[in-house]
Amino acid sequence: MRMICHPEDSLKETGIPPDNLSRKEWWIMPVNIDRKNRLFFLSGGGISYVMKIDEERRLLNLHWGHALPFSALPYDPAQDGPAASFDLPVSSLPLEIPVCGTGWYGTPAVSVENSQGDNITDLRVTGWRIRDGKASLSGLPATYTESPSEAQSLEIDLEDALTGLHVTALYSVFHDTGAVTRSLILQNRGSAPLKITQLLSASVPLWESGLEVLHLKGAWARERTVVRTPAGMGEYRIFSQRGASGHEENPFMALCDPSADEFSGRVWGVSLVYSGSFLALSSSDVRSHSRLSIGLNPDVFSWKLDPGEVFTSPEAVMVFSSNGFNGLSQVYHRLYRTRLARGYWRDRTRPVLINNWEGTYFNFNEEKLLSIAQKARDIGVELFVLDDGWFGRRNSDTCSLGDWVENREKLPGGLRHLAEQINGMGLRFGLWFEPEMVSPDSDLYRNHPDWCLHVDGRERTQARNQLILDLCRREVQDEIIRAVSAVLSSAPISYVKWDMNRNMSEAFSSELPAERKLETQHRYMLGLYRVLETITSRFPDVLFESCSGGGGRFDPGMLYYMPQTWTSDDTDAAERLKIQYGTSLVYPVSAMGAHVSAVPNHQTGRILSLRTRGLVALSGNFGFELDLTKMSDEELAECSELVRLVKRYRKLTQSGTFWRLLSPFRGEFTAWSFVSESGDEALLFACKALSVPNTSPVRIRLCGLSESAYYQLDDGRCLQGGMLMHYGLTISLNGDFSACLIHMKRCAAPANP
Ligand code: DGJ
């Protein structure tokens with residue numbers, strides 16, 4: 001179904017079912033239009049997102065939150081604005097797309113310089129369309145539907161009459177969850193060039209004040225700490241200008257009621273499906289009302305739009321929950337696991353792997369790798385991953401990135417021979433790449449010194465002894481596609497770890513003219529996305545895992561191409577409690593790589609039991625990252641038992657509903673659980689950090705079970721769902737960082753309950 005409407009001729013009646021839909025169907029459509037009052041209702045999953053075209057044909061946002069009945073909203077600009085104000089009328093309007101120059105004094109969502117040298121943009125609605133399903137975004141990752149009935153989309157056209165800037169605001173609402181996506185498509189329909197200098201994919205006014213802001217802050221090896229603080233009366237900004245989403249901030253921000261917790265309270269979240277520099281901000285307007293925005297970072301972005309040209313913004317995904325943070329996360333998890341991630345591995349249980357990085361670093365040869373693989377096979381591992389150091393003359397991080405040819409000194413028989421021997425043991429074979437980079441000491445650099453990001457006359461700043469290839473250049477994209485494809489075709493390779501180990505400096509493409517230099521970072525991302533789309537569709541059965549010095553590019557953009565990401569270079573299980581807890585605010589467990597590594601831990605020096613290390617890793621895509629040949633028989637037996645547990649529970653951990661129960665940021669106990677979609681089965685993980693004398697054991701209340709059903713616990717007890725959820729399970733854990741795993745499965749009611 002496709003409807004085309006124009007405000008002048010069609011905003012005449014209220015609630016008329018479109019075309020041949022019955023009134024009943026019309027009421028449950030995700031996109032409804034009240035023509036008389038010029039209202040757009042986006043609904044689903046218990047939420048409403050309501051916009052209005054006002055008398056001046058400006059687009060306003062009246063509500064994003066709990067579901068509203070589909071009826072006229074009692075909105076009156078005279079009453080809902082300030083009674084008296086010094087300010088211009090526009091400044092107190094709840095604009096859906098705030099712009100520059102007509103009296104809006106907050107941060108604009110769209111700022112465009114025109115040929116007269118000003119940036120006045122006066123956007124008025126000219127029409128709209130409704131479509132079933134959801135269209136893809138040209139060259140960009142985005143959520144998708146598998147059938148048109150899963151979502152409905154609304155496209156609203158706006159125009160600045162003087163410059164000819166045309167904006168299509170593209171909304172989709174997912175029927176089940178109420179997740180709303182928005183992207184802006186800008187087209188220059190005028191006759192002179194325009195320059196986009198600011199573009200926020202979402203910028204939503206909330207008729208609320210006194211909210212708190214929440215985001216995921218971090219650093220290398222300390223990614224995604226949950227930070228929560230009063231939003232305040234000014235602007236609260238988080239951003240990356242690194243050319244990657246980065247370790248320091250994640251492209252996500254939420255506002256919440258001060259009383260909100262994991263289980264209750266209102267939370268509004270925005271997440272950007274993008275892997276490059278971004279800006280997210282919470283701001284308050286002249287009425288002290290909050291606004292939540294996310295989009296491209298204007299400090300490192302501008303875009304020249306010649307007449308006729310089109311620019312598409314990355315997609316923002318907006319999720320509202322009135323059930324606290326778990327409610328918010330569960331919508332993101334479901335959407336990102338099933339309608340952002342794609343391909344063969346999306347719904348498949350992920351293999352138990354061993355990665356040699358922390359086991360050997362660069363110091364390995366074929367014999368060493370095979371000895372580790374042999375032990376791995378014996379304990380039930382399914383995939384052997386050869387990390388950095390297999391190519392060129394790479395015995396340290398000082399050389400060879402770009403020379404993707406196996407090192408015959410380390411691997412005399414070559415990659416194919418190694419992979420076949422490992423396959424012969426019953427293991428699949430996986431390989432590490434860092435394709436976006438080049439070492440100055442490499443044949444690639446010697447042959448193409450102009451292929452990296454650089455500015456003539458300035459130093460090419462190195463980090464980890466490497467430079468970044470200029471993915472704005474088509475020939476560079478093609479060379480990466482060629483080189484990676486050649487290796488993947490040369491041997492039976494089932495898995496790729498796609499790494500990226502530095503952020504940008506001198507981030508300008510030598511190919512772009514001066515007036516387009518600030519397009520470099522976004523053009524790089526478009527180039528990267530083309531490379532990833534080509535390679536992942538050329539090798540559809542290969543499992544791709546994204547990585548950037550651990551979790552430096554753990555974002556929805558990368559998840560579109562690669563269903564899992566290496567969560568952090570910090571493999572210490574105590575640290576991982578926080579990192580995985582924080583990551584789960586937005587990202588599903590199926591996206592998180594989690595490995596058991598050696599003790600003392602290489603990042604923290606901490607010594608934790610194998611059991612705790614194992615149970616924490618079992619809460620993600622499980623793997624080992626150590627030298628199994630150095631383990632005792634007892635330790636290997638314990639590893640084998642862990643692998644057995646992982647295989648038993650991985651369907652539940654990867655696709656069950658994830659509940660955060662006790663936060664490692666708030667006390668000594670961490671707890672989370674996985675509940676099957678039917679509610680018939682659950683797995684509880686709990687861990688105590690430091691032991692404190694003379695304290696009671698913790699009582700953990702489960703979530704998501706059936707109230708009346710009985711559940712058999714693995715200690716033999718049979719308890720009712722209501723009891724497990726409202727009374728809870730008492731958990732005694734002895735010793736620092738001791739952990740437990742409790743499985744429960746629905747059973748018949750006991751004869752004498
Ligand atoms: C950074 C990654 O996060 C590590 O796991 C490892 O692959 C190294 N790079 C290799 O250089």
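**Figure 1. The cis peptide bond before Pro600.** In this predicted model, Pro600 sits in the loop that runs between strand β30 (592–597) and helix α13. The peptide bond leading from Val599 into Pro600 is cis, and its omega angle is near -10°.

**Figure 2. Helices α13 and α14 side by side.** Helix α13 covers residues 610–618 and helix α14 covers residues 633–655; their axes come within 10 Å and cross at roughly 20°. Angles under 35 degrees count as roughly parallel, so α13 is roughly parallel to α14. The crossing of these two helices is right-handed. On the α13 side, the contact is formed by Leu610, Arg611, Gly614, Leu615 and Leu618. Their partners in α14 are Glu635, Glu638, Cys639, Leu642, Leu645, Val646 and Thr653. Sorted by type, the residues of the contact of α13 with α14 comprise seven nonpolar, two polar and three charged.

**Figure 3. Helices α9 and α10 side by side.** The axis of α9 (474–490) and that of helix α10 (residues 520–538) come within 10 Å, crossing at roughly 25°. The two helices are therefore roughly parallel to each other, and α9 passes α10 in a right-handed crossing. From α9, the contact involves Arg474, Gln477, Asp478, Ile480, Ile481, Val484, Ser485 and Leu488. From α10, Gly527, Arg530, Val531, Thr534, Ile535 and Arg538 take part. The residues of the contact of α9 with α10 divide into six nonpolar, four polar and four charged.

**Figure 4. The buried residues of helix α7.** Within helix α7 (residues 414–424), the residues Gly414, Leu415, Leu418, Ala419 and Ile422 are buried. An α-helix has 3.6 residues a turn, so residues three or four places apart point the same way. The buried residues of α7 pack against two helices and two strands, namely α6 (366–378), α9 (474–490), β23 (383–386) and β24 (428–433). After α7 comes Gly426, which has a positive phi near 95°.

**Figure 5. A salt bridge between Arg182 and Glu96.** Side chains of opposite charge can pair when their charged atoms come close. Here the side chains of Arg182 and Glu96 form a salt bridge, with a distance of 3.0 Å from N to O. The pair links distant parts of the chain, 86 residues apart. Arg182 belongs to strand β10 (residues 180–188), whereas Glu96 lies in the loop between α3 (77–80) and β6 (110–113). Both residues, Arg182 and Glu96, are buried.

**Figure 6. A salt bridge between Asp388 and Arg394.** The closest N and O atoms of Asp388 and Arg394 are 2.9 Å apart, and the two residues form a salt bridge. Asp388 and Arg394 are both buried.

**Figure 7. A salt bridge between Arg746 and Asp680.** The side chains of these two residues meet at 3.2 Å, N to O. Arg746 is part of strand β39 (residues 738–747) and Asp680 is part of the loop between β33 (669–675) and β34 (681–688), so the salt bridge ties together parts that are 66 residues apart in sequence. Arg746 counts as partly exposed because its relative accessibility is 41%. Asp680 also counts as partly exposed, at 29% relative accessibility.

**Figure 8. A network of salt bridges.** Lys304, Asp306, Glu309, Glu515, Arg516, Glu519 and Arg523 are joined into one network by salt bridges that share partners. In the whole structure, a search finds 49 salt bridges.

**Figure 9. Two arginines with positive phi.** Arg38 is found in the loop between β2 (31–34) and β3 (39–44). Its phi is near 55°, a positive value in a residue other than glycine. With a relative accessibility of 19%, Arg38 counts as buried, because buried means under 20%. Arg224 lies in the loop between β12 (212–217) and β13 (225–230). Although Arg224 is not a glycine, its phi is positive, about 55°. Arg224 is buried, with a relative accessible area of 1%.

**Figure 10. The surroundings of His289.** His289 occupies the loop between β17 (278–284) and β18 (290–296). This histidine, His289, is buried, its relative accessible area being 15%. Apart from residues up to four places away in sequence, His289 touches Leu206, Trp207, Glu208, Ser283 and Ser284.

How values were computed. Residues numbered from 1 in each chain as written. Predicted model: local features only at pLDDT ≥ 70, side-chain atom pairs only at ≥ 80, totals over all residues. Heavy atoms only, no water. Helix = DSSP H or I, 4+ residues; strand = E, 2+ residues; numbered from the N terminus. Buried < 20%, exposed > 50% of the residue type's maximum accessible area, 1.4 Å probe, protein only. Contact = heavy atoms within 4.5 Å. Salt bridge = Lys/Arg side-chain N within 4 Å of Asp/Glu carboxyl O. Axes fitted to C-alpha atoms, helices over the stretch in contact; angles between N-to-C directions. Parallel < 35°, antiparallel > 145°, perpendicular 65-115°, else oblique. Left-handed = near helix turned anticlockwise from the far one by under 90°. Nonpolar A, V, L, I, M, F, W, Y, C, P; charged D, E, K, R; others polar.
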